[in-house]
Amino acid sequence: MVLSTTVLAGDGVGPEVTDEAVRVLQKVAEVFGHELKLVRKDVGGAALRSAKDPLPTDTLQSCLNSGAVLLGAVGGPSFDEFPPHLRPETGLLRLRRELGVFANLRPAICFPALEECSPLKPEIIRGSDMLIVRELLAGIYFGEPRSTQGPAGDRVAIDTMRYREPEIERVARVAFELARNRRRIVTSVDKANVLDCSRLWREVTTRVSRDYPDVKLNHAYVDSMAMALVAKPADFDVVLTENMFGDILSDQAGGLVGSLGMLASASIGGPVGLYEPIHGSAPDIAGQGIANPLGTILSAAMMLRHSFKLKNEAHSIEAAVTEVLNAGHRTRDLAKGGKKALSTREMGSKVVEAIKKSAA
Ligand code: NAD
């Protein structure tokens with residue numbers, strides 16, 4: 001099979017971590033007999049420097065012509081003062097919209113070998129394995145009107161949370177379908193005691209759930225969910241929520257299972273999927289070769305599973321990551337208790353070796 005992929009390394013640690021994910025994909029392609037066809041393009045700050053546009057037409061066209069897109073991260077302090085339409089993050093939001101990827105999947109799994117990296121007690125975090133399904137193309141991040149108006153000292157800022165029924169229904173269906181291959185529990189998170197958008201969200205998810213009688217639907221308010229995630233994270237299977245609540249809760253869930261550098265994501269729903277680690281460009285460690293590449297490597301596994309439907313290939317990467325962690329290998333963010341820290345490149349090599357070994 002030809003695996004045609006656009007790689008958008010982006011800014012900061014983006015190029016360092018995507019390089020390792022590409023090496024892993026090359027090994028998987030070699031072992032399983034696929035042809036990996038890569039095109040590299042600029043996005044975010046890198047694209048602002050090269051083309052004065054955080055999402056140049058050429059980059060977007062390449063993404064739309066690919067089977068999938070693998071992205072590192074965008075942004076950095078040198079762009080903080082740029083006007084909104086010239087911010088690296090604006091390029092990423094536009095890319096998600098242009099690709100039509102309305103469902104963002106963020107697994108938060110506590111690897112047994114990394115229990116000690118969680119800020120929670122091992123007996124609380126143990127066994128946590130949840131999938132957060134976040135609506136990605138609507139809600140308060142996209143709603144109009146939005147503005148800041150008025151005289152200095154008395155300005156008014158407005159953002160609008162807005163949802164249409166079909167926007168809720170389509171992401172709910174993704175969550176229920178995914179739950180069928182897991183523990184068959186969907187927890188839908190809203191703020192239906194206060195917000196109209198949430199009342200509609202609850203009504204639509206309840207209606208959709210009738211088409212999935214084999215999946216149990218629970219509802220939770222976002223404030224009590226924030227508490228439950230810390231108190232009993234292992235209770236959750238699929239967590240379905242709107243854009244902003246999902247943004248916040250998925251970072252919280254990520255923090256609970258160890259390092260941000262471990263967390264992968266997939267954005268699906270349109271013709272081309274987008275795969276990226278959930279962390280940002282990590283300017284504080286960029287260029288030092290110490291970033292954890294596993295979140296990006298696990299995103300590449302999600303890409304093989306969701307865009308190319310290559311289950312065994314995806315599993316080979318996930319199994320290799322588990323094996324490398326079980327063997328005690330750690331990047332600096334994970335190295336506790338005086339353990340030796342591997343560089344980004346060394347960690348990538350360990351995963352490549354584990355894939356090679358299991359194929360042999
Ligand atoms: P960040 O995720 O970049 O970093 C937060 C902390 O986590 C830092 O201490 C960093 O060193 C650490 N970290 C992140 N990734 C790591 C990795 N792979 N290995 C080890 N440690 C890692 O978040 P931030 O500092 O809030 O944002 C920095 C920039 O990234 C900002 O410009 C922000 O807008 C952007 N950002 C981009 C994305 C994206 O591209 N999807 C997401 C979040 C933030």
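Select S299 and S265 together: in this predicted model, a polar atom of the S299 side chain lies 3.4 Å from the backbone nitrogen of S265. S299 is found in helix α10, and with a relative accessible area of 0% it is buried, since anything under 20% counts as such. Widen the selection around S299 and, once residues up to four places away in sequence are set aside, the residues it touches are L70, A264, S265, Y275, E276 and P277. Then add T18 to the view and draw a distance from its C-alpha to the C-alpha of S299: the two lie 9.9 Å apart in space, although 281 residues separate them in sequence.

From helix α10, which covers residues 294-306, follow the chain onward into the loop that leads to α11 (311-326), and stop there at K309. The point to check at K309 is the backbone, where phi is near 55°, a positive value in a residue other than glycine. Is K309 buried or exposed? Its relative accessibility is 64%, and K309 therefore counts as exposed, the threshold being over 50%.

A second positive phi can be found by selecting R184, in the loop between α6 (165-179) and β8 (185-190). Here phi is near 65°, again in a residue other than glycine. R184 has a relative accessible area of 33%, which places it in the partly exposed class.

Next, move to helix α7, residues 196-209, and select T205 within it. T205 has 0% relative accessibility and so counts as buried. What lies 2.9 Å from a polar atom of the T205 side chain? The partner is the backbone oxygen of W201, and displaying the backbone atoms of W201 with the side chain of T205 will bring the pair into view. Leaving aside neighbours within four places in sequence, the contacts of T205 are with I168, A172, F176, S188, L217, H219 and L240. Showing these residues as sticks gives the surroundings of T205, with I168, A172 and F176 among them.

For the next stop, select E144 and P145, and look at the peptide bond that joins them: it is cis, with omega near 0°. P145 sits in the loop that runs between β5 (129-135) and β6 (147-149).

Now zoom out until the whole chain is in view and colour it by secondary structure, which comes to 12 helices and 12 strands. The radius of gyration is 20 Å, close to the 21 Å that the globule rule gives for 360 residues, so the protein is as compact as a globular protein of that length. Turned along its principal axes, the C-alpha trace spans about 60 × 50 × 45 Å.

With contacts displayed over the whole protein, consider those with a sequence separation of 6 or more: 76% of them are accounted for by residues 24 or more positions apart. Colouring by relative accessibility offers another view, in which buried residues make up 53% of the 360 residues.

To finish, switch to a surface representation. The accessible surface comes to about 15,600 Å², and carbon and sulfur atoms hold 52% of it. Colouring the charged side chains picks out 44 positive and 44 negative ones, and the centres of these two sets lie 3 Å apart.

Definitions and conventions
Residues are numbered from 1 along each chain as its sequence is written. This is a predicted model: local features need pLDDT of at least 70, side-chain atom pairs count only at pLDDT 80 or more; totals for chains, interfaces and linings use all residues. Side-chain values use heavy atoms; hydrogens and water are left out. Helices (H or I, at least four residues) and strands (E, at least two) are DSSP runs, numbered from the N terminus. The radius of gyration is taken over C-alpha atoms; the globule rule is 2.2 Å times the number of residues to the power 0.38. Buried means under 20% relative accessible area, exposed over 50%, partly exposed in between (1.4 Å probe, protein chains only). Contact means heavy atoms within 4.5 Å. Accessible areas come from the Shrake-Rupley method with a 1.4 Å probe; for residues, only the protein chains shown count as cover. Lys and Arg count as positive and Asp and Glu as negative; His and the chain ends are not counted. The place of a charge is taken as NZ of Lys, CZ of Arg, CG of Asp or CD of Glu. A polar contact is a pair of N or O atoms within 3.5 Å; within protein, one must be able to donate a hydrogen and the other to accept it, and residues adjacent in sequence count only if both atoms are side-chain atoms.
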